[in-house]
Amino acid sequence: MTGTRVRVRFAPSPTGDLHVGGARSALFTWLFARHHGGDFILRIEDTDRRRYVEGSVEGIVESLKWLGLEWDEGPIFQSQRLEIYREHAERLVAQGDAYPCYCTPERLEQVRAEQRARGEPPGYDRRCRNLTPDERAEFEAQGITPAIRFKMPEAGTTVVPDLLRGNITFENRLLEDAVILKSDGFPTYHLAAMVDDHLMGITHVTRGEEWLPSAPLHVRIIQAFGWDLPTFVHLPVILRPDGKGKLSKRDGAVGVLEYQRAGYLPEAVVNYLALLGWSYGDQEIFTREELIQLFDLKEINPSPARFSFDKLAWMNQYYINHIISLEDLTVRCIPYLREAGLVPAAAEDPTTPEHAYVRSVVALLKDRLKTLAEVVELTSFFFTEGTEEYPADLLVPRKTEPASVLEGLDRTREILADADFEDEAGMEAALRALADEIGLKAGQLFMPIRVAATGRTVSPGLFETLRVLGKERTLARLDVARDKLRAYVTEQSSAAS
């Protein structure tokens with residue numbers, strides 16, 4: 001909008017966690033504001049008290065902060081602006097664009113049931129639309145507090161201009177007179193959002209396409225006040241990975257903070273969400289600055305976008321492996337290790353030996369990590385002494401005699417006792433020569449050494465692992481493995497005899 005400062009809002013309802021769809025809406029809105037040097041406003045639409053969930057506001061705020069979507073104004077709470085909405089509702093009544101409705105919930109349900117029985121679409125029958133002053137006075141005398149409904153035209157059409165879809169025409173005869181102010185004094189979205197968007201100077205309204213059926217009502221309300229329409233942008237839905245239906249919790253969709261707890265990087269999540277309905281050529285990896293520079297609401301594809309958990313995991317792993325530095329990755333991994341009780345508080349100080357040790361461990365696993373949370377399982381053997389809990393037969397590769405493995409571990413212990421653990425190539429050469437000498441393949445010797453050192457058959461590179469573990473810890477674990485295997489060989493010999 002040339003000459004007009006862009007002002008946009010993200011306006012969630014505090015009815016639960018901030019999920020993928022809401023996060024993408026917030027991101028698109030935020031990027032548009034930053035691209036144009038405009039204002040991003042956080043507004044909490046908390047007027048539906050029946051659906052209010054305790055802690056939702058805090059969760060929404062924390063989610064936006066984690067994603068780095070800082071706001072310029074807010075949070076603004078609609079529940080603190082009730083008088084404003086009441087005054088605007090009364091203004092519409094006074095000018096003949098709205099009317100009080102005295103229908104009880106029981107009557108409304110009865111009307112809908114009768115309509116369904118006749119095969120008609122259920123909706124309000126407009127009984128209170130043309131009440132006389134005397135009839136209204138009679139209801140008032142009964143102590144009934146009315147709701148207020150907006151008076152929609154009963155003929156003609158309403159045109160909703162949408163940035164992505166062009167002009168959308170609706171038949172007025174198919175639209176009902178919706179409640180805009182409930183009898184408890186709280187507004188519905190239809191009134192509160194339109195009033196706030198005007199008073200806050202919102203230039204572009206970005207929201208999900210599920211609001212399209214209500215859009216003609218919103219256009220009529222805005223026009224009834226004599227205000228200019230904002231630019232409406234109805235964002236496409238996000239589909240399940242198989243493309244069959246809208247993404248939901250049943251499909252594994254979780255709140256934004258669950259992605260944080262699972263060890264996703266906010267940079268990767270933001271990058272992935274940006275590509276759900278928007279693209280820039282074949283480019284897939286974007287810095288935040290590039291997204292701000294390149295993003296435009298007009299370039300959003302109005303077709304539904306399909307969510308892929310695999311693609312998000314790939315992107316997260318790419319960021320871990322190629323984008324953030326080793327030191328940055330170490331700092332981000334330490335909270336997970338601390339929570340698991342694997343490292344002391346001293347590891348958080350980058351000047352300490354504890355921190356340096358964690359960094360050396362993380363360096364070995366960097367290429368394997370898909371999420372930060374995986375660091376606990378993948379590295380626990382570096383920080384604990386519970387590796388001896390593996391069964392003895394895990395030390396014996398297939399088609400290998402236990403006695404030969406025991407001899408190999410005994411000789412390995414002798415060689416490593418005098419080895420330079422910083423010389424990975426030297427250790428490998430010495431142990432390969434040992435394998436040849438005692439008639440084992442390299443793998444038949446290296447596997448039991450790996451199990452002895454880590455308690456598992458899969459780990460980072462063996463000699464890198466030994467270097468990080470260090471001589472003292474490696475030799476101690478070899479001693480445990482030798483004792484375990486010696487007892488196993490004795491047991492096997494006794495059973496054979």
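**Exercise 1. An enclosed helix**

How many of the eight residues of helix H18 (residues 462-469) are buried? Work out what this says about the helix, then look at its surroundings.

*Solution.* A word before we start: the model you see is predicted.

Step 1. Take a residue as buried when its relative accessible area is under 20%. In helix H18, six of the eight residues pass this test, so the helix is largely enclosed by the rest of the structure.

Step 2. Now put names to them: Leu462, Phe463, Thr465, Leu466, Val468 and Leu469 are the buried residues of H18.

Step 3. Look at what they pack against. The partners of these buried residues are H13, helix H14 (375-383), helix H15 (402-417), helix H16 (424-438), helix H17 (442-454) and helix H19 (471-496).

Step 4. Finally, step just past the end of H18. There you meet glycine 470, with a positive phi of about 90°.

**Exercise 2. A mostly covered helix**

Find which residues of H6 are buried, and which elements they pack against.

*Solution.* Step 1. Begin with the count: nine of the 11 residues of H6 are buried, and the helix is mostly covered.

Step 2. Reading along the helix, the buried residues are Tyr189, His190, Leu191, Ala192, Ala193, Met194, Val195, Asp196 and Asp197.

Step 3. Both strands and helices appear among the elements they pack against: strand E1 (7-10), strand E2 (39-44), strand E8 (179-181) and E9, together with helix H3 (82-94) and H7.

Step 4. Just after H6 comes glycine 201, whose phi is positive, at about 70°.

**Exercise 3. Rings that pair**

How many aromatic pairs does a search of the whole structure find? Describe two of them by distance and angle.

*Solution.* Step 1. The search finds 13 aromatic pairs.

Step 2. One of them joins phenylalanine 28 and phenylalanine 295, with 5.0 Å from centre to centre and 35° between the planes, a tilted pair. Phenylalanine 28 sits in helix H1, while phenylalanine 295 lies in the loop between helix H10 (288-294) and strand E12 (305-306); the pair links parts of the chain 267 residues apart.

Step 3. Check how covered each partner is. Phenylalanine 28 is buried at a relative accessible area of 0%, and phenylalanine 295 is buried with a value of 0%.

Step 4. Turn to tyrosine 189 and tryptophan 211. Their ring centres are 4.0 Å apart and their planes meet at 20°, so this pair is stacked. Here tyrosine 189 belongs to helix H6 (residues 189-199), and tryptophan 211 to the loop between strand E9 (204-208) and helix H7 (215-225), 22 residues apart.

Step 5. Repeat the accessibility check. Tyrosine 189 has 16% relative accessibility and therefore counts as buried, whereas tryptophan 211, at 27%, is partly exposed.

Step 6. Return to phenylalanine 28 and phenylalanine 295. Ring pairs join Phe28 and Phe295 with Trp278 and Phe286 into a cluster.

**Exercise 4. A cavity and a pocket**

Which residues line the largest cavity, and how does its lining divide by class? Then do the same for the second largest pocket.

*Solution.* Step 1. The count comes to one cavity of 30 Å³ or more. The largest cavity has a volume of about 60 Å³.

Step 2. Its lining is made of Val20, Ala23, Val256, Tyr259, Val269, Tyr272, Leu273, Phe307 and Leu312. By class, that gives nine nonpolar residues, with no polar and no charged ones.

Step 3. Sort the lining by element. Helix H1 (20-35), helix H8 (256-261) and helix H9 (266-274) each give at least two residues, and the largest share, three residues, comes from H9.

Step 4. The second largest pocket has a volume of about 260 Å³. Among its lining residues are Gln115, Glu120, Tyr124, Arg126, Arg173 and Leu175. The class count for this pocket is five nonpolar, two polar and five charged residues.

**Exercise 5. A threonine in a loop**

Is threonine 352 buried or exposed? Trace what its side chain reaches.

*Solution.* Step 1. Locate threonine 352 in the loop between helix H12 (326-339) and helix H13 (353-365).

Step 2. Its relative accessibility is 14%, so threonine 352 counts as buried.

Step 3. Follow the side chain of threonine 352: the backbone oxygen of aspartate 349 is reached at 2.8 Å, and the backbone nitrogen of histidine 355 at 3.2 Å.

Step 4. Leaving aside residues up to four places away in sequence, threonine 352 touches Ala346 and Ala347.

Note on methods: Residues are numbered from 1 along each chain as its sequence is written. This is a predicted model: local features need pLDDT of at least 70, side-chain atom pairs count only at pLDDT 80 or more; totals for chains, interfaces and linings use all residues. Side-chain values use heavy atoms; hydrogens and water are left out. On a 1 Å grid over the protein atoms alone, a cavity is a set of points where a 1.4 Å probe fits but cannot get out, and a pocket is an open set with protein on both sides within 12 Å along at least five of seven lines; lining residues have an atom within 4 Å of a point. Grid points are joined across faces, edges and corners, and a volume is the space filled by probe spheres set on the points. Helices (H or I, at least four residues) and strands (E, at least two) are DSSP runs, numbered from the N terminus. Ala, Val, Leu, Ile, Met, Phe, Trp, Tyr, Cys and Pro count as nonpolar, Asp, Glu, Lys and Arg as charged, and the others, Gly among them, as polar. Buried means under 20% relative accessible area, exposed over 50%, partly exposed in between (1.4 Å probe, protein chains only). A polar contact is a pair of N or O atoms within 3.5 Å; within protein, one must be able to donate a hydrogen and the other to accept it, and residues adjacent in sequence count only if both atoms are side-chain atoms. Contact means heavy atoms within 4.5 Å. Rings of Phe, Tyr and Trp (its six-membered ring) pair if their centres lie within 6.5 Å; planes under 30 degrees apart count as stacked, over 60 as edge-to-face and the rest as tilted.
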